[in-house]
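Biologist: Please show me the model, and then I will ask about one helix and what surrounds it.

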Amino acid sequence: SEEKWAREGKGPLPPLHPVYLQRFIVDAGEREFLARTLALARAKNVRVYWLTLPEHEAVSAARDSIGFAPAYYAFVDSLAALGEVTVLRREFEVLPASDFSDYTHLRLSAALKLSREVGERISSSALTASGIHHPR
C-alpha cells in the first residue's frame with residue numbers, strides 16, 4: 001500500500017525541526033542566486049512559474065505564530081509585481097498529515113494530484129498569455 005511504502009521502517013515522525021520555527025527571510029546569497037536565475041531565464045525568453053508547495057498541517061500551525069506566511073507572500077508578490085514570475089499558486093495549501101510521508105514530502109496520491117493541478121494551471125496560463133481563451 002502507499003502508506004506502507006511511504007513510512008515503512010521510518011517509525012513515527014519526530015518533533016518538528018527548528019528550521020520550521022524560523023521566520024521567512026531571503027538572505028543575500030539566496031537573493032543573488034535567484035536574481036541570476038531570473039536574469040538567465042529573461043535572456044533566454046523562458047517564462048518562470050512560481051508555485052507555493054503544500055504545507056503539512058503541523059508545520060503550518062508552528063509557522064502561524066511567527067508570521068511566516070505574510071512575509072513569504074510579500075516576497076512572492078514583489079517578484080510578481082516586477083514581472084519576474086508568473087504565480088501559479090501564492091498561498092500555502094495546508095494539507096493533513098496523512099498526505100505526507102514526513103513533514104516535507106507528499107505521499108504518492110497527493111503528489112499526483114499536485115502534478116495534475118500544476119499541469120492544468122500552466123496550460124491555462126500559457127493559453128491565456130497567447131490570447132487563446134481556455135474553454136470551460
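Biologist: What should the 14 residues of α4 span, and how far apart are its end C-alpha atoms?

Modeller: This is a predicted model, and α4 covers residues 68-81. At 1.5 Å a residue, α4 should span 20 Å, which agrees with its end C-alpha atoms, as they are 20 Å apart.

Biologist: Which residues of α4 are buried, and how wide an arc do they cover around the axis?

Modeller: Buried here means under 20% relative accessible area. In α4 that applies to Phe 68, Ala 69, Tyr 72, Tyr 73, Phe 75, Val 76 and Leu 79. They lie on the same side of α4, because the arc they cover around the axis is only 160°.

Biologist: Which exposed residues does the face of α4 turned away from its buried side carry?

Modeller: The buried side has its cover from elements including α2 (28-43), β1 (49-51), α3 (57-64) and β3 (86-89). On the face turned away from it, the exposed residues are Pro 70 and Ala 81.

Biologist: Which helix gives the most to the largest nonpolar core?

Modeller: Nonpolar side chains tend to be buried together in soluble globular proteins. The largest nonpolar core has 14 residues, and those touching the most other members are Phe 24, Trp 50, Phe 68, Tyr 72, Phe 75, Leu 79 and Phe 92. With seven residues, the helix that gives the most to this core is α4.

Biologist: Which residue with a positive phi follows α4?

Modeller: The phi of the residue in question is near 75°. That residue is Gly 83.

Key. Residues are numbered from 1 along each chain as its sequence is written. This is a predicted model: local features need pLDDT of at least 70, side-chain atom pairs count only at pLDDT 80 or more; totals for chains, interfaces and linings use all residues. Side-chain values use heavy atoms; hydrogens and water are left out. A nonpolar core is a set of buried Ala, Val, Leu, Ile, Met, Phe, Trp, Tyr and Cys residues joined through side-chain atoms within 4.5 Å. Buried means under 20% relative accessible area, exposed over 50%, partly exposed in between (1.4 Å probe, protein chains only). Helices (H or I, at least four residues) and strands (E, at least two) are DSSP runs, numbered from the N terminus. The expected span of a helix is 1.5 Å times one less than its number of residues. The arc is that of the directions from the helix axis to the C-beta atoms. Contact means heavy atoms within 4.5 Å.
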